[in-house]
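User: Could you walk me through how some of the helices and strands pack in this one?
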Amino acid sequence: MLSRREIIGLLAAGIAAPAFALDAPTQPRLPWAAFRRGPDYPRLVEAVRRMKANRDESDPASWSFWPLVHMHHCPHGKPYFLAWHRGYLHLFEATLREVSGSQTLRVPYWDYFSDPRLPAEFTSGNSATNPLFEPRIGGEVGQALGFAAFAPELIGFQRTAGADCFEAQVEAFHNKVHNLVGGRMASMLSPSDMIFWVHHANVDRLWSGWSAAGEGRTMPAAGDAYWGGRFDYADGMGLDRAVAIDGAGLGYRYPDLRLPVREGAAGGAIRSGEVRVPRPPVPARGAPTAVPVEAPPPVAVPPPPADAAPMAMAPPPAAAAPAPVPYRGIWLGSALYQREPLRRTRDAAYVPDEVTIVLDQVSLSGAGQLGGYYYDLYLDLDGEGRTLPECLLGSIGPFQISAARHHSEDGMARIELPVGEVIRREAQGLDLADLGVVFRRVEVAGAAVGETIAIGSIEVAG
């Protein structure tokens with residue numbers, strides 16, 4: 001086996017070490033409930049412990065290396081969201097194998113469509129005793145889950161002018177999971193939390209399941225221009241896009257590729273490749289969601305060796321200083337529903353290809369950065385403030401705002417929501433000046449109250 005130094009050297013040179021070889025034997029990525037009972041569970045915990053004890057953030061074998069890769073290179077709300085993360089997860093997984101010494105170790109997945117509660121192994125103990133522990137806000141994500149990505153009529157994969165494609169629909173509920181978990185998961189440093197990795201393993205599994213489901217669903221073929229070029233992860237660390245076509249070439253497979261379908265959905269019989277998911281109950285305000293699934297008892301976290309180096313644990317996320325409040329605009333706070341009018345953009349140079357609602361100068365309060373909530377946005381047609389499912393435009397929360405702010409020049413986020421399809425379908429003949437947007441807050445127990453999100457202006461362009 002190559003040494004860690006040799007592996008890192010090969011990574012920096014862009015060369016595939018044996019752990020990354022495209023013809024490596026495949027191993028299954030298991031659901032967390034099965035993985036936690038297997039021999040690689042204590043190896044994973046110990047690998048995370050060792051990586052957190054490594055204080056060199058330029059070293060891929062340190063825990064702090066990977067959040068920085070995500071912060072500076074991750075494409076959110078753009079093409080290649082899924083493929084980039086597939087390569088990212090593969091490189092991280094290979095590092096776990098090197099640190100742990102286990103060539104069978106694969107990152108397990110958290111199937112929140114089966115049980116939306118965080119696995120108990122991630123919530124027991126504290127940062128000093130459990131490498132999987134992280135201060136978080138939410139303990140379950142049932143309200144975040146969406147099923148539009150798995151509808152049989154959704155057969156396109158790639159992003160186009162609108163959002164009606166598999167990649168965009170998956171990213172939509174993926175964002176909401178980040179927001180409801182909260183803590184570091186609500187920021188671009190989300191890979192600091194091990195729950196990030198099992199979350200993205202599940203997203204990757206659902207992509208694999210969608211690709212294999214057939215019935216007209218189409219992926220760009222091998223050799224298509226879509227797979228040309230490379231992904232960058234750090235200076236000198238990259239992968240050809242073509243290796244992200246499927247997981248088999250990256251050394252893993254998923255034994256369960258069934259797609260989730262909401263219980264009670266039209267159609268009666270379950271088609272091949274589908275599994276029914278119970279509807280999560282909507283909790284009373286301030287009360288935790290009751291999920292009708294019996295949780296397995298937690299598996300004890302292996303204690304650290306007597307001579308183990310102390311973990312270099314970051315302190316719990318603290319409320320940062322509040323972002324500057326825009327001169328004009330609104331605050332989103334604790335109100336469950338809030339309506340705001342639309343107005344035409346005054347930026348004559350901004351003419352998008354699709355009718356777009358633009359939320360500009362968006363920032364977070366200190367408490368708002370910690371997450372545990374998000375807002376669904378609905379187009380309001382008649383001033384009644386109704387939240388009709390067919391008028392859903394998208395969502396915003398601290399995770400999306402953190403991503404947008406990181407790439408802005410002034411620390412303020414600009415969030416654009418393509419809405420042409422909804423307007424053509426629901427608002428034909430209506431004056432855009434009479435339309436509005438309703439913000440509906442979705443939260444878990446413990447989410448920040450008071451002012452959380454500041455928006456300088458809400459405009460429609462196109």
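Analyst: One cut-off first: a residue is called buried when its relative accessible area is under 20%. Keep in mind, too, that this is a predicted model.

User: OK, how many residues of helix 3 are buried?
Analyst: In helix 3, 11 of the 14 residues are buried, so this helix is largely enclosed by the rest of the structure. Among the buried ones are Y41, L44, V45 and M51, and also D40, E46, R49 and K52.

User: And what do they pack against?
Analyst: The buried residues of helix 3 pack against helix 2 (32–35), helix 4, helix 5 and helix 7. As for its length, helix 3 reaches 20 Å from its first C-alpha to its last, close to the 20 Å expected.

User: Which residues of helix 4 are buried?
Analyst: Helix 4 spans residues 65–73, and its buried residues are F65, W66, P67, V69, H70 and M71. Their cover includes helix 3 (40–53), helix 5 (81–100) and helix 7 (194–212), together with strand 2 (230–234), strand 3 (237–240) and helix 8 (398–406).

User: Switching to the sheet, what's the strand order?
Analyst: The order is 8-14-11-12 in an open sheet of four strands, with antiparallel pairing. Strand 8 (337–341) and strand 12 (392–396) are the edge strands, each pairing on one side only, and the twist averages 25° from one strand to the next.

User: How many bridges join strand 11 to strand 12?
Analyst: Four bridges join these antiparallel strands, and L377 stands opposite G394 in strand 12.

User: Which strands does helix 6 lie across?
Analyst: Helix 6 (residues 166–181) lies across strand 11, strand 12 and strand 14 (436–443), and runs at about 135° to strand 11.

Definitions and conventions:
Residues are numbered from 1 along each chain as its sequence is written. This is a predicted model: local features need pLDDT of at least 70, side-chain atom pairs count only at pLDDT 80 or more; totals for chains, interfaces and linings use all residues. Side-chain values use heavy atoms; hydrogens and water are left out. Buried means under 20% relative accessible area, exposed over 50%, partly exposed in between (1.4 Å probe, protein chains only). Helices (H or I, at least four residues) and strands (E, at least two) are DSSP runs, numbered from the N terminus. Contact means heavy atoms within 4.5 Å. Two strands pair if DSSP finds at least two bridges between them. Axes are lines fitted to C-alpha atoms, for helices over the stretch in contact, and angles run from 0 to 180 degrees between N-to-C directions. The expected span of a helix is 1.5 Å times one less than its number of residues.
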